[in-house]
Amino acid sequence: MKQILHIAYRELNSFFDSLTAYVLIVIFLGFSGFFTWIYGADVFFLGQASLDTFFTVAYWSLFIFIPALTMRSIAGELKAGTLELLLTKPVSDWQLILGKFLSTFFLIGIALTPTLFYYFTLWGIGPVDHSAIVLGYLGLLLMSMVYISIGLLTSCLFSNPIVASLTAMSIGIFFHIIFDVLAANFVGFTGSVFSFLSLSTHFESITRGVVDTKDLIYFFSISFFCLYSSKMILSNRNLQV
Amino acid sequence: MDIVVEHLTKRYGPQKAVDNVSFRVKGGEVLGFLGPNGAGKTTTMKAISCYINPDEGDVKVGGYSIKEHPEIIKKNIGYLPENNPLYQDMNIIDFLEFIAKIHGIPKYLIPERILDMVRICGLEGEKHKLISELSKGYQQRVGLAQALIHDPEILILDEPTTGLDPNQIVEIRELIKRIGKEKTVILSSHILAEVEATCDRILIINNGRIVVDGTAEDLRKQAAGNEILKLGIQGGDVNDIFENLLNLETVDSVDFIDIDKQLFEVQSLKEETSVKAIFDLCVQNNYYISELTPTEKKLEDIFRQLTLH
């Protein structure tokens, strides 16, 4: 466990050292703040003390940001040769993958923390549905978990970061919208399969304030599948140089 | 800790990088691993340090197999990979602290270990610099420092002196020698002089197979053929001397090295020496010897001879 945290901490530091983290946080807060409070269907326009707009904006912006954060995680280490340095230290393949996963997850957590001010502000101006907001954040974290795992997997598959990032995004877009669209176009069993596969279905059901074990199983199983595959690829050392 | 490599085979596609290699390194030994580029040195070292899985065979370090207990082996090995990969965006102290933590060194010991490494590896003046700002020689020292920080029993160094200037090479060699007194060291190189200067034992590998296993002395003996002398004789006509030398019973062939200076290369017959006969010849004809040097076969030649086919 300690090894995982050491790796995650180092990685997180390098996000901050390379300015990636600052750029991410500034853009994320800028976007979400702008759409939540100033423009379009903002809080004042809706006239309700709800953060639905914020969750929609975050839902999309995290989808775009995460592949950019994960694209280098394994591919970059492999290219720089530092993967060899790490894996010849007392670090197992699982620890490395989980460390990488956690570092990005923590960074998303750090980016989301300042948005708690939105919540407190809202609390001050009207009656807030607390559980919906808490679950909204939970939904965002679960969604990030899935996309980080997908990003890690593509980073193991492709040594070129751009290719890794684009592939992660194209896999992500299936979960993000395509399965949803397909679900709307099919009826019966096929339709319900696509509907189950669609991430937005599960995300919406959580943000509505209902936590179903089905949703949790969905998020955790995709993440686990991707992390496990990444681990297997790493263990075989069949990495493309 | 002993290292035992048993029938190690590793393929990359259809090509065998290492082909059924077996050897043993005793605790406290400094082993030089030699071979031309692409001979399989790095692959073998990567297998010992648990980075790659061999297709066949096994490596045992201190009795533990790399397949079953890599975590124990990794704790006892300090590994400096080829090309010395480092986190370029970290500064030296942070980097060494990270490596120390990964090795599970107790927190209160970490600052002390880092300072020791900085001192041993001569990094005092640079310790707050980013690794990307360091020259190659200093980066190499950081690489050594990270390999040594947990005080491992075994040190595996893959081409530790490539890209260094002559002064740095000497310094790194001294360092390795000092470390080698207490630890088992495997060192790879394609520079013979380096291996000769630092290692107790030499292992030459070519096309994935071991061709020589022994000390530098053994290696010379094994490749040594007939006695070859560089001979200078004065006090007579060059051609007469040449004739006389050729007529000696033990001499196989004579060549001119320099006619004006009357220098010859005299090769004796197998397992014979011509020194006494040459001396007697000079006494009889009133010549005098201006030079007599036995020509040793250079290690480089032996190396070429062994690895060219």
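Is Glu159(B) buried or exposed, and how many other C-beta atoms lie within 10 Å? Glu159(B) is buried, with 21 such atoms (buried: 20 or more other C-beta atoms within 10 Å; exposed: 12 or fewer; partly exposed: in between; C-beta atoms are placed from the backbone).

The model is predicted: local features need pLDDT of at least 70, side-chain atom pairs count only at pLDDT 80 or more, and totals for chains, interfaces and linings use all residues. Residues are numbered from 1 along each chain as its sequence is written, while chains are lettered from A and ligands numbered from 1 in the order in which they are written.

**View 1. Glu159(B) in a loop of chain B.** The flanking elements are β7 (154–158) and α6 (166–180) of chain B (helices: DSSP runs of H or I, at least four residues; strands: runs of E, at least two; numbered from the N terminus). Although Glu159(B) is not a glycine, its phi is positive, about 45°.

**View 2. Leu19(A) between α1 and α2 (20–38) of chain A.** This loop residue is exposed, because 10 other C-beta atoms lie within 10 Å. Leu19(A), a residue other than glycine, has a positive phi near 70°.

**View 3. Gln88(B) and Ser132(B).** Gln88(B) lies in the loop between β6 (77–80) and α3 (92–102) of chain B. Its C-alpha atom is separated by 4.7 Å from that of Ser132(B), 44 residues apart along the chain. With 15 C-beta neighbours inside 10 Å, Gln88(B) is partly exposed.

**View 4. Contacts of chain A with chain B.** Here 18 residues of chain A are in contact with 19 residues of chain B (contact: C-beta atoms, placed from the backbone, within 7 Å). α1(A) gives the most to the chain A side, with five residues.

How values were computed: Two residues are in contact if their C-beta atoms, placed from the backbone, lie within 7 Å.
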